[in-house]
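Below is a short note for a colleague who has not seen this structure before. The points take up charged pairs and one methionine.

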Amino acid sequence: MEQKEQQLLEQVDKLFMRCGIKSLTMDDISRELGISKKTLYQFCSDKEDLLKKSFAHHFICEENFQNGILSKNLNAIDEIFEVSKHVSEMLKTIHPSIHYDLRKYYPEAWKIFSEYRKNFMLKCVSDNMEKGKREGLYRENLNIPIVARIHISRVDVVFDGELFPASEFNFQEVFFEMIRYHIRGIASPKGIEYFMDKIKTIDPTNPKI
């Protein structure tokens with residue numbers, strides 16, 4: 001991928017995340033990027049094509065980030081917290097409708113997201129569980145194929161606007177509670193002890209969670 005195209009896709013990705021998808025027109029996008037529609041159409045055939053390309057690029061960046069985390073040789077629980085901090089930063093500016101827009105109006109882009117979740121995300125979660133079991137931080141009787149899929153499915157729940165209205169909840173709080181719920185459900189006694197010490201450094205106002 002040429003550097004110019006990569007930079008454009010990074011800008012488009014941030015724009016979709018901040019403003020949502022459905023409400024943005026190609027005129028809006030070209031104006032926000034400071035380029036002509038003619039130049040924009042040199043990179044894509046229409047908005048969904050641009051969306052698919054920006055998502056594909058985003059997922060490559062996420063995979064690179066995940067590989068960077070793995071290279072640090074952290075324990076399984078610390079890995080989850082590192083990834084969670086990264087995701088939490090993204091959730092600060094994400095538009096509440098993005099998940100709904102993607103699923104309802106852009107099936108091809110949704111398919112890219114679904115494949116990413118089914119393959120890469122599922123593998124990351126499963127690998128983390130295997131690692132945690134080896135380290136004694138997760139339960140020996142943990143059924144990884146089932147629990148990993150349950151955890152991945154919760155991504156949809158975080159973005160459920162009916163269950164968690166944006167007027168009452170923010171994505172960061174919902175996501176963080178989901179992660180704490182996940183770790184406590186899979187951790188061994190050793191893992192729970194480590195987790196409770198860890199959480200004190202992250203949420204000092206509620207150290208017993």
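1. A salt bridge here is a side-chain nitrogen of Lys or Arg within 4 Å of a carboxyl oxygen of Asp or Glu. The model is predicted, so local features need pLDDT of at least 70 and side-chain atom pairs count only at pLDDT 80 or more, while totals for chains, interfaces and linings use all residues. Residues are numbered from 1 along each chain as its sequence is written, and side-chain values use heavy atoms, with hydrogens and water left out.

2. The structure contains 12 salt bridges. In general, side chains of opposite charge can pair when their charged atoms come close. Three of these pairs are taken up below, each with its place in a helix. Helices are DSSP runs of H or I with at least four residues, numbered from the N terminus.

3. Lys-85 pairs with Glu-82 through a salt bridge of 3.1 Å, N to O. Both residues belong to helix α5 and sit three residues apart, about one turn of the helix. Lys-85 is partly exposed at 48% relative accessibility, and Glu-82 is also partly exposed, at 22%. On this scale buried means under 20% relative accessible area, exposed means over 50%, and partly exposed lies in between, using a 1.4 Å probe and protein chains only.

4. In helix α7 (residues 107-135), Lys-123 and Asp-127 are four residues apart, about one turn of the helix. A salt bridge links the two, with the closest N and O atoms 2.7 Å apart. Asp-127 is partly exposed, with 39% relative accessibility.

5. Which residue does Glu-177 meet in a salt bridge? The partner is Arg-180, at 2.3 Å from N to O. The two are separated by about one helical turn, because they are three residues apart in helix α9 (residues 171-186). Glu-177 is partly exposed, with a relative accessible area of 41%, whereas Arg-180 is buried at 6%. Elsewhere, salt bridges with shared partners join Lys-72, Glu-82 and Lys-85 into one network.

6. Met-90 is located in helix α5, which covers residues 76-91. Its relative accessible area is 30%, so Met-90 counts as partly exposed. Leaving aside residues up to four places away in sequence, Met-90 touches His-58 and Glu-62; contact means heavy atoms within 4.5 Å. Met-17 is 73 residues from Met-90 in sequence, and the C-alpha to C-alpha distance between them is 8.6 Å.
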